[in-house]
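Visitor: Hi, could you walk me through this one?
Guide: Happy to, let's put it on screen.

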Amino acid sequence: MKQTLMGNEAIAWGLIHSNTQMVSGYPGTPSSEILTTVQNIKNKLNLDVYAEWATNEKVGFEVAYAGAIAGQNTAVTMKQVGLNVASDALMSATFIGNKGSFVLIVADDPGFYSSQNEQDSREFARFARIPVLDPSTPKEDYEFTIKAAEISKMFETIVMLRSVMRVSHSRENIELRDTKFKSQKGNFQRDIPRFAAVPRNGRLNQAIEQQKRIDKIRQYNYEELIKPKIDKLKGTKDLIITSGASFGYVKEVIDELKLDIDVLKIDMPYPLPKELNQLVKKYQKVLVVEETYPVIEEEIRSENVYGRMSGHMHLVDEMNKERVVESFIKIGFYQGENRYKPVFIPENIKERKPNLCPGCPHRDIFFSIKKVFRPKKSIYPSDIGCYTLGINQQAIDTVLCMGASVSMAHGFSIADKEKIVIATIGDSTFFHSGVSPLINAVYQKAKFILVILDNSTVAMTGRQNTPERANPDVDLKQIVQGCGAEVMEYFYESDIDKTIDFFKDVKKRFDEVDRPLVVVSRQFCVLDKERAKENLQGIFASVDEEKCVACDICTTQFVCPPMSYNEKGKINIDPLLCIGCGVCISGICPTDAFIRREP
C-alpha cells in the first residue's frame, strides 16, 4: 500500500507496523501530528491501542515506560524541549532497560522556529547512553521507527528516534508494509532489584550492564548499518560524513555541482563504532555535515576531521544548500561561486510580527491588565503557548519555559517588592508544569497575581484536548483551590469595559490577601469553531475617520490584525480579517472612532 505521508504521519504508521500498543506524549511543534495520527489510525482500524495525551512529557514517558516494563511495545512523543522535562525519568530508565520495545520519539527544531532553543537531542541520547536513529526523509521516518522498535526489543534498551522539523513536516510517497497489527497483553514480572531504582544497591551492576549493552549496540551499528555503506564507497581523496536531514542537502549539492567525493550517511549517530575512526584516517580531509551540534564530529575527532568545531560549518540555525556549499568552499572541496545564495534580497520590507488571532480573548485580557496594572508599576511574567504572542502588546516581560511564569512571579515578588507581579499562563501549561510552583508559592505565602487563560484547548499545537475538557471531573478552579490559593473566576465577555472592571476588582482583592491570587479566566479559542460560534457576537466594525486621531492605541496596545493605517493616516479595518467579535466598539478607542458596520 503506497501513501503520500508527512514525516510525522509516517512515524505513526511505523509505530502501528511495529505492533506498538501504547503511545503517550505531550503536543509540541514539530512533533504533534504523530500521536494524533496514531489516534486516527486506531479509530479507523479499530485497533487495541492506547494513544492519549499526557499532562506533560515526564508523565507521558513514565506511562509508556511502565508498559514497556510490562512487556508491551510502547512509545512516547515530544519535541526537543519536552525532552528536558522527561529527562529525570529517562536518566534512571536507561539503567533499568525494558522488556517490550520502548521508542523515545523526539522532534527537534533547528533554527528554533517554534521553540525556545534548537538543542540537538542526539546529544541527549549520548548523555543518556541510549542509541539514536536519525532519519533524513519521511520514508526513513517510517522505516527507522520500525527499526528502533526492533533494536529496543533486541537489546532491552530505550531507543531514540530523532526527527527534525524539515523531515517531520515534509511529505513523500511511501510504500507501507503489509503488516497486520497484533495485539499483545502485558505481563509484568516482578524483579525488584532491577526495576526499583534505589541508590547504589544494584545501581553499580546496572551501570556495568548499561555499558556492555551500549558496546554491543556499537558493534551492531557497525556490522548492520555502517559497514554495508563503507563497502560501497569509491575511495576518493576526501570524505563527507553526514546524517539526518543534512544528508539530503549534501546529496543535492554534490549531484548538482557534479563533485566526486565519497559520502557516508550515518543512520545511528550514537553509539559510533571505533572502526569509523580507522576509516577517516584513509582520507585526506573529512568534513562532517550534521544538524545541529557536533555529535558525530566529537566522536571521530582527528586532525583531518573538519566541521563545526574547526569553524568550517555554521554554528547556529538549520542546514541548507547554501551553507553546505559555504563549508565546501572553506575546506577546498569546491572552488566556484556559491550559486545557492539568494539572487533577490528584498529591501525595506517591514517585518510582520506573529500576532494573536483576530478576536482572540487573550488580547482583551492583556489589554485590560495593562490598563489596571500600569507597566511602570508592574511586572508581567508569562509562559509557553499562543498567549506568548501577547508580547506584541508589551504585556509580557519574561518567557522562560513551561510553568516558569508561576515560579518567576514568586521570585519577582521577593526581589522587587515595589511592583505588583501579574503572571499569565494557559490552562494546558498550568496542568503541565504550573501546579507545583503554585503550591510552593502558597506555602511560602508569596504575593502575586496569576491569570490562567482557560480556553480548554492546547491551542498553539493543534487544539488537542486538555484534561479539563476531556474529563469535566478535572476542574481547574477546584485544583487551584486545592493548592490553597485565593481564586477569582471570570467568564469572558466581548465588552472591554467589563473586563477592565473585573481586573479593578482583582486589584482590590489583591490588597486584602496574603497569598497568591489566581484568576481563572474562562474563555474560548477562535479556532475552536463550535465554541467560537457560541461566543462571537457577529458585530463587525468600521472606522469613523472624522473621529480617528491616529493615537496608536489600537495598533500598539490592542494590536488586532485587521487594523492598519490607510493612505489618509487613518485607521482602517480589513473586512476579510475581522471576525465580528465587536470588542473594539466596546471601548478600545478614546474617541469612539470604531462604529458598527452593517453586513
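Guide: What follows is a chat about the overall form, two sheets and a few backbone details.

Visitor: What kind of model is it?
Guide: This is a predicted model, where local features need pLDDT of at least 70 and side-chain atom pairs count only at pLDDT 80 or more, while totals for chains, interfaces and linings use all residues. Residues are numbered from 1 along each chain as its sequence is written, and side-chain values use heavy atoms, with hydrogens and water left out.

Visitor: How many helices and strands does the protein have?
Guide: The protein has 21 helices and 21 strands. These are DSSP runs numbered from the N terminus, with at least four residues for a helix (H or I) and at least two for a strand (E).

Visitor: What is the radius of gyration?
Guide: The protein has 27 Å, which agrees with the value near 25 Å for a compact globule of 599 residues. The radius is taken over C-alpha atoms, and the globule rule is 2.2 Å times the number of residues to the power 0.38. Along the principal axes, the C-alpha atoms fill a box of roughly 75 × 65 × 50 Å.

Visitor: And how many of the residues count as buried?
Guide: 55% of the 599 residues do. Buried means under 20% relative accessible area, exposed over 50%, and partly exposed in between, with a 1.4 Å probe and protein chains only.

Visitor: What about contacts along the sequence?
Guide: Taking contacts between residues at least 6 apart in sequence, 75% join residues at least 24 apart. A contact here means heavy atoms within 4.5 Å.

Visitor: On to sheets. Which order do the five strands take in their open sheet?
Guide: The order is 13-14-15-17-16, with parallel pairing. Strand 13 (378-379) and strand 16 (486-491) are the edge strands, each pairing on one side only. Two strands pair if DSSP finds at least two bridges between them.

Visitor: How many bridges join strand 13 to strand 14?
Guide: Two bridges join them, and strand 14 covers residues 420-426. Ser-378 stands opposite Ile-420 in strand 14.

Visitor: What about the sheet with four strands?
Guide: That one is open too, with parallel pairing in the order 10-9-11-12. Strand 10 (262-266) and strand 12 (305-306) stand at its edges with a single partner strand each, so one side of each has no neighbour in the sheet. Strand 9 (239-243) and strand 11 (286-289) pair over four bridges in the parallel sense, and Leu-239 stands opposite Val-286 in strand 11.

Visitor: Switching to the backbone, where are cis peptide bonds found?
Guide: One joins Thr-29 and Pro-30, with omega about 15 degrees. Pro-30 lies in the loop between strand 2 (22-25) and helix 2 (33-45). Another joins Glu-291 and Thr-292, with omega about 5 degrees, and Thr-292 is in the loop between strand 11 and helix 12 (295-299).

Visitor: Why mention those bonds, or a positive phi?
Guide: Because most peptide bonds are trans, and most residues other than glycine have a negative phi.

Visitor: OK, what is phi of Lys-445?
Guide: Phi of Lys-445 is near 55 degrees, a positive value. Lys-445 is in the loop between helix 16 (427-443) and strand 15 (449-454).

Visitor: Is Lys-445 buried or exposed?
Guide: Lys-445 is exposed, with a relative accessible area of 56%.

Visitor: And what about Val-559?
Guide: Val-559 has a positive phi of about 55 degrees, and sits in the loop between helix 21 (553-558) and strand 19 (563-565). Val-559 is buried, with a relative accessible area of 12%.
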